[in-house]
Amino acid sequence: MSKYLPVANSTRSFWLSAEEDDIKGYRSSEELPKEMDTVIIGSGYSGTATAYYLLKGNPSNKSILMFEARNICNGATSRNGGHLKCDLYYGYEGFLRKYGEKDAASIHNFEYDHIRATKALVEEEKIDCNFVITRACDIHFDKSGMDKAISGYNSVSKNSYVNYMHDLQINFGDEAKTISKVEKSPVCLTYTTGHLWPYKLVISLLRICIARGLQVQANTPVLKTKRLNDGRYLVKTPRGDVITKKLIVATNGYTVSVEPGFENKIIPVKGVVSRITSADPSKRTPHLTNTYALRYSSEDYDYLINRGDGSVIVGGGKPVYGDNLDSFYNVVDDSTIIPKTKEFFTNYMKERYYTWKDFDEKLDCIWSGILGLTDDTLPYVGEMLKEKNKFIIAGFHGHGMPRVLLCAKALARVINGESTSLEVPKPFKLTEARMENTENETFASLKTPRKHKL
Ligand SMILES: Cc1cc2nc3c(=O)[nH]c(=O)nc-3n(C[C@H](O)[C@H](O)[C@H](O)COP(=O)(O)OP(=O)(O)OC[C@H]3O[C@@H](n4cnc5c(N)ncnc54)[C@H](O)[C@@H]3O)c2cc1C
């Protein structure tokens, strides 16, 4: 068995409090079918959204089977920060250097399109997932982060291909402090963002897919896949084998468990998220309407959403564990949290927001999850090189919510034959050049010693 498979006894996230008995261990049949048209590996946002668009584009396809190693949707999707947040400027100059003006803009525009696309989906399918549209507020505490933000903002505003400059605002001085509610914030940037209950979104989509004919086998890890002489694929599981014409790998941080060729390309990286509430349940929290990124330096930040129930979901904590690479890099174990993160998230709000200064908060829940980071920071989407009819949609970093949906839609349209071109930003596509690249910029950035102190 691959050491990259999801582990047992994972920590329990707040989002998983919505788990329902009829779906969590769902199996469409006791025995596995022998042959299928399409097999999807992974029941997270990527696998489920791909199934949704495959069935939407071709409702008569009743031969799609999804395998999930754990209970349904128990990977990154049900352990994340619930933040549907685009990056509209921060990574821009890096993308500009590597991909040029047009492709750099396409990455940011694509993320921005996800706000509209997610809203449309939630409304069309009447999905109850606490979807809220509000403004993101990015706070930059130190000079390196601040310089990068201002420079990114100035550069992106000169790019005529970007379609969201009307929405991106930079604030300084007192305005920055008042808008952000953070005293130590000399600059903040705001723009449209969303937040939601990711598990509820995906489970609702999955229920729709099942009603339309999707077959699902939970708690059935795929151990190996093999191309047969006739071009079909053998999918091996502990419960038996299935032969399929088309295979879709939607395994994100665990991709190496079935695709060893992605070692050092998609790397499992452990992250920690927490939920903060009022210590006294009868008292309302000092609710903040923005969502936040609190950047301690150019490389480390926390991400935070304020939910309608008054609670706060906040992830990050790198300042206390970033120098201990072995505790999180190339790690698939989400059965524990990372040392020192519990202390980091204790009294988190009162130490940062002046509106929470005199309020008693409680660390209600803390959990870990496995992100799929890639060597060049972008997801891998498309047909595998030299393996016809095998596709990948994986490696979404901490940016799945503003990238997965339209990648899944584009991939499904190609698989269904509705489109001949994969309509995702060019740098997301699986190419020989990307697979041959041996530079791992993610590792280079993570192994840099942390300079800042809290
Ligand atoms: C701690 C944390 C915080 C995050 N915060 C945010 C955030 O606030 N905003 C944001 O946009 N993104 C965030 N992300 C990233 C986001 O959650 C992911 O990008 C997104 O959920 C990826 O979806 P996915 O379906 O590709 O992966 P997953 O949800 O991980 O799904 C992959 C599935 O495949 C299954 N699987 C793997 N291997 C096998 C196998 N061999 N056989 C069968 N099944 C298998 C897994 O069990 C899993 O269920 C965060 C991630 C983490 C871990």
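The following questions and answers concern a ligand and the two domains around it in a predicted model.

Residues are numbered from 1 along each chain as its sequence is written, and side-chain values use heavy atoms, with hydrogens and water left out. As the model is predicted, local features need pLDDT of at least 70 and side-chain atom pairs count only at pLDDT 80 or more, whereas totals for chains, interfaces and linings use all residues.

User: Which domains does the domain assignment of the protein chain give?
Analyst: The bounds come from an automatic or database domain assignment. The C-alpha centres of the two domains lie 29 Å apart. The assignment gives domain 1 (15-80 + 199-266 + 376-445) and domain 2 (133-194 + 268-373).

User: How much area do domain 1 and domain 2 bury between them?
Analyst: Buried area is the accessible area (1.4 Å probe) that two parts lose on being put together, summed over both. Of the area buried here, 59% is on carbon and sulfur atoms. The value is about 1500 Å².

User: Why does the ligand lie between the domains?
Analyst: The shell around the ligand receives residues from both domains, so the ligand lies between domain 1 and domain 2.  A residue is near the ligand if one of its heavy atoms lies within 4 Å of it. The reason is thus that both domain 1 and domain 2 give residues to the shell.

User: Which element supplies the largest share of the shell around the ligand?
Analyst: Helices (H or I, at least four residues) and strands (E, at least two) are DSSP runs, numbered from the N terminus. At least two shell residues each come from α2 (45-57), β11 (266-278) and β15 (361-374). The largest share, three residues, belongs to β15.

User: Which residue has a backbone N or O atom 2.8 Å from a nitrogen atom of the ligand?
Analyst: A polar contact is a pair of N or O atoms within 3.5 Å. Tyr-45 has a polar backbone atom 2.9 Å from a ligand oxygen atom, and for Met-401 the distance to a ligand oxygen is 2.8 Å. The residue paired with a ligand nitrogen atom at 2.8 Å is His-83.

Definitions and conventions:
Polar contact = N/O pair within 3.5 Å; in protein donor to acceptor, adjacent residues only side chain to side chain.
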